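Let's walk through this protein together, from its overall make-up to a few details of its strands. Please have the view ready to rotate as we go.

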Amino acid sequence: MKQITISAGHTRVSRGAVGLIDEWEEACRVRDEVARLTGAKVVVDNVTTTANANLTYLVRGHNATLRDVDVSIHFNASNGTTPQPIGVEVLYYSEAALAGRISAAIAEASGLRNRGAKERKPLYFLRHTQRPAVLIEVCFVNSHEDVRLYRKHFAAICQAIAHTLQPKPALTTKATSLYHTHCQQLIEAGIASGAFLPVWRNRTISYSQFCELAVLAYFQPRER
């Protein structure tokens, strides 16, 4: 598994782009959900008060961790509010292929226009982190359509980022069949027995969660 370190651009004081949504607030939401899904290390800046100090702090924090890839979450902006879609793009220093995959995955998961991978070597975060790095511009804060799609597909966007950064292991045909045919049955049985809350009916269960639930359902302790 890849080791990932992730952070949100900007700070509570220097919030980045503010439009229909707030860049810093939403970047923190995406950061935390992707970290939850991937087990990524998180760098949080609750200290600095200026944009330059924030960049230095975040890069220092990333470089202090053991990891394979660095990820920075941002939201984009252009001039004026517009009803038109603008889209997602992922910036890179050298990781063009990874950036392209992430941008395409977000677009496919959400319906956001795919602006693709864009080389941005002068950017401080990309230039000074010491591991392969990408900076994800999830959508434009001044586009009504972008914001609508982002809000509607928040979970899917985070899953798309997570699965691209940390691909699932390949499954055998039998494992795939079990996952698709028995997942809901397992949840219903767990709810009926009182082991799971009913809210699990409305959750998308990952393969790893399915395996954990199956172990709990079928585990029988050895007799002493």
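Eight helices and six strands make up the secondary structure of this protein, which is shown here as a predicted model. If you trace the chain along the sequence, these elements come in the pattern β-α-β-α-β-β-α-β-α-β-α-α-α-α.

Now turn to the sheet. The six strands form an open sheet with mixed pairing, and their order across it is 2-1-3-6-4-5. At the edges you will find strand 2 (41-43) and strand 5 (114-119); each has a single partner strand, so one side of each is left without a neighbour in the sheet. On average, neighbouring strands of this sheet are turned by 20° against each other, with direction ignored.

Next, look at one pair within that order. Strand 1 (residues 4-8) runs parallel to strand 3 (residues 69-76), and five bridges join the two. One place to see this pairing is Ile4, which has Val69 of strand 3 opposite. A helix also belongs in this picture: helix 2 (residues 51-63) lies across strand 1, strand 2 and strand 3, and its direction makes an angle of about 165° with strand 1.

Finally, step back to the whole chain. The protein has 224 residues, and 45% of them count as buried. Among contacts with a separation of 6 or more, 77% are between residues 24 or more positions apart. As for the outside, the protein exposes about 12,300 Å², and carbon and sulfur atoms supply 53% of that area.

Definitions and conventions
Residues are numbered from 1 along each chain as its sequence is written. This is a predicted model: local features need pLDDT of at least 70, side-chain atom pairs count only at pLDDT 80 or more; totals for chains, interfaces and linings use all residues. Side-chain values use heavy atoms; hydrogens and water are left out. Helices (H or I, at least four residues) and strands (E, at least two) are DSSP runs, numbered from the N terminus. Buried means under 20% relative accessible area, exposed over 50%, partly exposed in between (1.4 Å probe, protein chains only). Contact means heavy atoms within 4.5 Å. Accessible areas come from the Shrake-Rupley method with a 1.4 Å probe; for residues, only the protein chains shown count as cover. Two strands pair if DSSP finds at least two bridges between them. Axes are lines fitted to C-alpha atoms, for helices over the stretch in contact, and angles run from 0 to 180 degrees between N-to-C directions.
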